[in-house]
Amino acid sequence: MKDEHEQTPQTPQAPDPLRRALGLAALGAGVLALAACGGGWGHVDDDDDDDDDDGGGGGSGDVDLRFVNGTADVLDMRLDGSTWVSGLAAFGELSDFSSAEDGETRIAARVPGASDDRVSTTLTLTRDRFLSIIVYGRESDVFLMSLLDEQQEQASSGHTLVQVMHAAAGFGNLNVYVTNVGDNLPGNPTAVVTFGSRTGFIDFSRTSHRVRVQRAGETALLFDSGDQSSEALSFSSRSAVSFVISPSSQQNRVALTSLPERTRGRLVPNRAPG
């Protein structure tokens, strides 16, 4: 039986004030207080799936940060003027968590060897928090940052909470289908997402998923995580995860980054035909 959420498209979450402020920061504005950020991604301890391995960091009183590069450029991720993650590959690649000190911190992304940042902002980092920072945008435009504060409450037993973010510049609106692995493509998408938006968390009464993505109004698949049980995106009970859609190095394809909260994520292989 298909989950009810596979039949009813979800309305994309409007850009939250923090993300709007980050967009302004990309143009040179703003200091953001992280403590004011509400919501995020829910944490569960997880041992039984590659998606959910410990992602580094210590939770030792510092702030644990990871980055996702949703652009088509290799980027250095910088904290307070120093390179924090060097040469993070493009098209949805991600770093492990690493621990930073709390307090006011300037976060920036820069093409290696360049003298200017492509995007930057200043945040007040709060101790004992886990943050994922998504850098995205077209090469010809100002890059943007989206900050995800991983504080979501756990799902119910046997359930997972899933949200989707559209960071694939140039692809227009996207239909996203989150189904059981063996299901045919439903008539209606789980969600329709616009560039720069995310869906908010959707509660699924299962722990294994298949993700497929189309352009709105088209039938060709831009992404398919696969129809085999061994290809399922599986998470432990009560977990919460975000899927970030980025541009791909392949024409007419997008990339999908799986980000279980507070644990190691991965770039999911694309098994779309063609």
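## A walk around strand β11

β11 and β14 pair in the antiparallel sense over three bridges; helices (H or I, at least four residues) and strands (E, at least two) are DSSP runs numbered from the N terminus, and two strands pair if DSSP finds at least two bridges between them. One of those bridges puts Thr160 of β11 across from Phe204 in β14. Before going on, keep in mind that this is a predicted model, where local features need pLDDT of at least 70 and side-chain atom pairs count only at pLDDT 80 or more, while totals for chains, interfaces and linings use all residues. Residues are numbered from 1 along each chain as its sequence is written, and side-chain values use heavy atoms, with hydrogens and water left out.

On its other partner, β18, β11 runs parallel, with six bridges joining the two. Leu161 sits opposite Ala240 of β18, and Gln163 faces Ser242 of that strand. Strands of a sheet pair through backbone hydrogen bonds, either parallel or antiparallel.

Zoom out and you get an open sheet of five strands, in the order β14-β11-β18-β19-β20, with mixed pairing. β14 and β20 (266–268) are at the edges with a single partner strand each, so one side of each has no neighbour in the sheet. On average, neighbouring strands here are turned by 30° against each other, direction ignored; the axes are lines fitted to C-alpha atoms, for helices over the stretch in contact, and angles run from 0 to 180 degrees between N-to-C directions.

Back to β11. Seven of its seven residues are buried, so the strand is largely enclosed by the rest of the structure; buried means under 20% relative accessible area, exposed over 50%, and partly exposed in between, using a 1.4 Å probe and protein chains only. Thr160, Val162, Val164 and His166 point one way, and Leu161, Gln163 and Met165 point the other.

Take Met165, which is in β11 and is buried at a relative accessible area of 3%. Leaving out residues up to four places away in sequence, Met165 touches Ile134, Tyr136, Ser146, Ser197, Arg198, Phe243, Val244 and Ile245, a contact being heavy atoms within 4.5 Å. Met165 and Thr199 are 34 residues apart in sequence, yet their C-alpha atoms are 6.7 Å apart in space.

Ile245 has its own list of partners beyond four places in sequence, including Val164, Met165, Val176, Val213, Val254 and Leu256. That leads to the largest nonpolar core, with 22 residues, where Val176, Val211, Val213, Phe243, Ile245, Val254 and Leu256 have the most contacts. A nonpolar core is a set of buried Ala, Val, Leu, Ile, Met, Phe, Trp, Tyr and Cys residues joined through side-chain atoms within 4.5 Å. Among the elements giving two or more residues to this core are β11 (160–166), β12 (174–179), β18 (240–247) and β19 (254–260). Apart from it lies another core, of 20 residues, among them Val63, Leu65, Val85 and Leu125.

For something polar, look at Arg206 in the loop between β14 and β15. Arg206 counts as buried, at 10% relative accessibility. Its side chain reaches the backbone oxygen of Val178 at 3.1 Å, and a polar contact of 3.5 Å joins the side chains of Arg206 and Asn180. A polar contact is a pair of N or O atoms within 3.5 Å; within protein, one must be able to donate a hydrogen and the other to accept it, and residues adjacent in sequence count only if both atoms are side-chain atoms.

Finally, confidence. The mean pLDDT (the predictor's confidence in each residue, from 0 to 100) is 82 for the protein chain, and 78% of its residues reach 70 or more. Over residues 1–8 pLDDT stays under 50, and over residues 10–55 it is below 50.
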